[in-house]
Amino acid sequence: MHPIERQLYLDHLHITQVLRCFERALEGYRNQPDGGGHLALILDVLDYIEVYPQRWHHPVEDRIYTLLLRRVPTLSALGLSLIAEHKRLEQLTNELNHLFSAIANDSMVPMSHLMRISGEFLEEQLAHLERENRQLFPLLARTLGDPDWQQLERECGLLQDPLFGDRLRQDYENLHASILTLDRNLSLTG
Ligand SMILES: [Fe+2]
Ligand SMILES: [Fe+2]
């Protein structure tokens, strides 16, 4: 498996962990808006989504889906809708980041609005990953060859993940620790 393909699979696992952490932090924020560090964690998650998945993972997938839909015409509708979902997810992340940043700057945002957009964000992010995992990723190995991966590597390179890569970015230390704690608790209760 080419390192880019491996990284895409790994990213899905990591994005799922990050979304699970977001869900917990959101629950905490709803119960305790003024304390517990939930707001800071939510802002870290939204920042990370904009810094890594949206800057590397989505652009690489966009190139792959464009290639696939040219090569396998029956995949056109699926490829185009996944590319469109990236745009929609990026808009949602951006909107949510604005809302939570406004709260961090002491602006009033109705809780019901915040919860509605956050719910859409979570639901659509998870549904997108699930759709790619089930419908498209299994086709990668069958449809793309070494020259395709080499071409992708030349075009996109490999970007270091600042949260799960070899070097943890300092301002994600808190988020990283929260994800590890959550995973430990889930494996104890699971
Ligand atoms: Fe995607
Ligand atoms: Fe993906």
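Which residues does Ser118 touch, not counting residues up to four places away in sequence? Close-up views of this predicted model take up that question and the iron site.

**View 1. Ser118 and its contacts.** Ser118 sits in helix α5. Leaving aside residues up to four places away in sequence, Ser118 touches Phe22, Leu26, Leu96 and Phe100. Ser118 is buried, because its relative accessibility is 0% and the cut-off for buried is under 20%.

**View 2. Protein donors of the iron ion (ligand 2).** Two histidines and two glutamates supply the donors: His12 (NE2), His57 (NE2), Glu61 (OE) and Glu132 (OE). They lie 1.9 to 2.2 Å from the iron ion (ligand 2). Along the chain, the spacing of the donors reads H-x44-H-x3-E-x70-E.

**View 3. Angles at the iron ion (ligand 2).** The four donor atoms make angles of 78 to 177 degrees. The site is irregular. Tetrahedral does not apply, because that label needs all angles between 85 and 135 degrees.

**View 4. The bridge between the iron ions.** Glu61 bridges the iron ion (ligand 2) and the iron ion (ligand 1). The two ions lie 3.1 Å apart.

**View 5. His57 and Glu132, a pair of donors from two helices.** His57 lies in helix α3, residues 53-71. Glu132 lies in helix α5, residues 111-143. The pair therefore ties together parts that are 75 residues apart in sequence. His57 is buried, with a relative accessible area of 1%. Glu132 is also buried, at 0%.

Methods. Residues are numbered from 1 along each chain as its sequence is written. Chains are lettered from A and ligands numbered from 1 in the order in which they are written. This is a predicted model: local features need pLDDT of at least 70, side-chain atom pairs count only at pLDDT 80 or more; totals for chains, interfaces and linings use all residues. Side-chain values use heavy atoms; hydrogens and water are left out. Donors are N, O and S atoms within 2.8 Å of the metal (3.2 Å for Na, K and Ca); water is not among the atoms, so sites may look incomplete. Four donors count as tetrahedral if all angles lie between 85 and 135 degrees; four count as square planar and six as octahedral if opposite donors are over 155 degrees apart and all others between 65 and 115; anything else is irregular. Helices (H or I, at least four residues) and strands (E, at least two) are DSSP runs, numbered from the N terminus. Buried means under 20% relative accessible area, exposed over 50%, partly exposed in between (1.4 Å probe, protein chains only). Contact means heavy atoms within 4.5 Å.
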